[in-house]
Amino acid sequence: MTLFATAALLFVVTLQPSAADLPTWMAGTWRGEVDGVRMEEHWTNADGDLMLGLHRDITAKRTSFEFIRIARQGETLVYLAMPGGKPATAFPLKSVEANRIVFENLEHDFPQRIIYWRDSEQLCARVEGAGEAGEQWCWSRVK
């Protein structure tokens, strides 16, 4: 292989996120409102093979929360959801792109799939499950 071909291959490989890359583009504080529900999602910087997250929904009648982790386990990533502080449910990585990541656990009732992506200056998320209508949200970065 020529030096040029080797350099080109190395360049392409470095552009492709590996299954174990943490989604650094999620880091920050994000807020939005949908149907009267104020939402916040906070993600720490990717450091030490771990990102920590916190989600909070606020309505006039109640406040709910969820602790979240994206952690490296072996050669892959796992999204660990703890709604209301309950024991963690694991959603292993299904696919990853530059600004989109999908986690999936088909044995879980709902959701079975958790998707995050960046849409310009917004962080968006969607949850899906078999036989259930999915839900989707987008939040803006808090400056």
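# Strand pairing, core and disulfide in a predicted model

In strand E6, Phe-91 is the bridge partner of Tyr-79. The model is predicted. Its protein chain has one helix and 10 strands, and the order along the sequence is α-β-β-β-β-β-β-β-β-β-β. The points below start from strand E5, then take up the nonpolar core, a buried asparagine, the disulfide and totals for the chain.

**Strand E5 and its neighbours**

- Strand E5 covers residues 76–83, and six of its eight residues are buried.
- On one side of the pairing list is strand E4 (residues 63–73), which joins E5 in the antiparallel sense over eight bridges.
- Within that pairing, Ile-70 has Tyr-79 of E5 as its bridge partner.
- E4 and E5 form a hairpin with two residues between the strands, where Gly-74 takes a positive phi near 70°.
- E5 also pairs with strand E6 (residues 89–97), again in the antiparallel sense, over four bridges.
- The hairpin of E5 and E6 has five residues between the strands, and Gly-84 in its turn has a positive phi of about 65°.
- Tyr-79 is thus named in two bridges, one with Ile-70 and one with Phe-91 in E6.

**Nonpolar core**

- The largest nonpolar core contains 23 residues.
- Met-26, Trp-43, Ile-70, Tyr-79 and Tyr-116 have the most contacts inside this core.
- Two or more core residues come from each of strand E2 (37–43), E4, E5, E6, strand E7 (100–104), strand E8 (113–119) and strand E9 (122–129).
- In soluble globular proteins, nonpolar side chains tend to be buried together.
- Leaving aside residues up to four places away in sequence, Trp-43 touches Met-26, Ala-27, Gly-28, Met-51, Leu-52, Gly-53, Ile-68, Ile-70, Tyr-79, Tyr-116 and Leu-123.
- The bridge partners Ile-70 and Tyr-79 are both among the residues that Trp-43 touches.

**Asn-105**

- Asn-105 is placed in the loop between E7 and E8.
- Asn-105 counts as buried because its relative accessible area is 16%, under the 20% cut-off.
- The side chain of Asn-105 reaches the backbone nitrogen of Glu-107 at 2.9 Å.
- Not counting residues up to four places away in sequence, Asn-105 touches Thr-89, Ala-90, Phe-91, Pro-92 and Gln-112.
- One of these contacts, Phe-91, is the E6 bridge partner of Tyr-79.

**Disulfide**

- One disulfide is found in a search of the whole structure.
- The disulfide is formed by Cys-124 and Cys-138, with their sulfur atoms 2.1 Å apart.
- The link of Cys-124 and Cys-138 is right-handed, with 105° about the S-S bond.
- Cys-124 lies in strand E9 and Cys-138 in strand E10 (residues 132–141), so the pair ties together parts 14 residues apart in sequence.
- Cys-124 counts as buried at 1% relative accessibility, whereas Cys-138, at 27%, counts as partly exposed.

**Totals for the chain**

- The protein chain has 143 residues, of which 34% count as buried.
- About 8700 Å² of the protein chain is exposed, and carbon and sulfur atoms supply 54% of this area.
- Among contacts in the protein chain with a separation of 6 or more, 28% are between residues 24 or more positions apart.

Key:
Residues numbered from 1 in each chain as written. Predicted model: local features only at pLDDT ≥ 70, side-chain atom pairs only at ≥ 80, totals over all residues. Heavy atoms only, no water. Buried < 20%, exposed > 50% of the residue type's maximum accessible area, 1.4 Å probe, protein only. Pairing = 2+ DSSP bridges. Core = buried A, V, L, I, M, F, W, Y, C linked by side-chain atoms within 4.5 Å. Contact = heavy atoms within 4.5 Å. Polar contact = N/O pair within 3.5 Å; in protein donor to acceptor, adjacent residues only side chain to side chain. Areas by Shrake-Rupley, 256 points an atom, 1.4 Å probe, with all protein chains shown as cover. Disulfide = S-S within 2.5 Å.
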